Amino acid sequence: MSEHPHIAIASSFYDALAKGDLDQLRDQLLADDVVFRVPGRGPLAREYTGKEEVLGYLSRLAQTTSGTLRLEPERFLAGEAHVAAVLRIHAERDGRTLDDHGVQLLRISDGKISERSSFPHNPYAVDEFFA
């Protein structure tokens, strides 16, 4: 059985993110009108719309964690228009460690990511870590 094409896109997204390859994200993986929904009450929590806002958010995550943020997919679940990525989330910042699990739901449209919604297991810990 071959891999679902949406899983290949999601996997490429997490690989590019791990490498800090913003060009691949911008040019190949994100739709022009992409929307990222970041839950919580922390300073990064809000909706980011369009490639530039999303890439700015991803850059800020990398800077805030001095490049230690890792989103490690453990499994993918694919549907007609969505991929759910079950993730381990790890980062270090100012002597603190974030080690959580969560789910990110990616909507795939025309071969690109058009939406991402995040659901951390412990949103309070994520808020506190980035505060």
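I began with Ile-113 and looked up its contacts (heavy atoms within 4.5 Å); leaving aside neighbours within four places in sequence, I found Ile-9, Phe-13, Leu-29, Leu-30, Ala-31, Val-34, Leu-106, Arg-107 and Ile-108. I note that this is a predicted model, in which local features need pLDDT of at least 70 and side-chain atom pairs count only at pLDDT 80 or more, while totals for chains, interfaces and linings use all residues. Residues are numbered from 1 along each chain as its sequence is written, and side-chain values use heavy atoms, with hydrogens and water left out.

I then looked up the largest nonpolar core, a core being a set of buried Ala, Val, Leu, Ile, Met, Phe, Trp, Tyr and Cys residues joined through side-chain atoms within 4.5 Å, where buried means under 20% relative accessible area, exposed over 50% and partly exposed in between, with a 1.4 Å probe and protein chains only. This core has 31 residues, and Ile-113 is among those with the most contacts inside it, together with Phe-13, Leu-25, Leu-30, Phe-36, Tyr-57, Leu-58. Among the elements that give two or more residues to the core I noted helix H1 (5-19), helix H3 (51-64), strand E5 (96-109) and helix H4 (123-130); helices (H or I, at least four residues) and strands (E, at least two) are DSSP runs numbered from the N terminus.

Next I turned to enclosed space, and the count came to one cavity of 30 Å³ or more, a cavity being a set of points on a 1 Å grid over the protein atoms alone where a 1.4 Å probe fits but cannot get out, with lining residues having an atom within 4 Å of a point. The largest cavity has a volume of about 310 Å³, the volume being the space filled by probe spheres set on grid points joined across faces, edges and corners. Of the 23 residues that line this cavity, I recorded Val-38, Tyr-57, Ser-118, Val-126 and Phe-130 as the closest to its centre. H3, E5, strand E6 (112-120) and H4 each supply at least two residues of the lining.

Last, I asked whether Thr-65 is buried or exposed. Thr-65 sits in the loop between H3 and E3, and it counts as buried because its relative accessibility is 0%. Leaving aside neighbours within four places in sequence, I found Thr-65 in contact with Ala-91, Glu-92, Phe-129 and Phe-130, and Phe-130 had already appeared among the residues closest to the centre of the largest cavity.

Note on methods. On a 1 Å grid over the protein atoms alone, a cavity is a set of points where a 1.4 Å probe fits but cannot get out, and a pocket is an open set with protein on both sides within 12 Å along at least five of seven lines; lining residues have an atom within 4 Å of a point.
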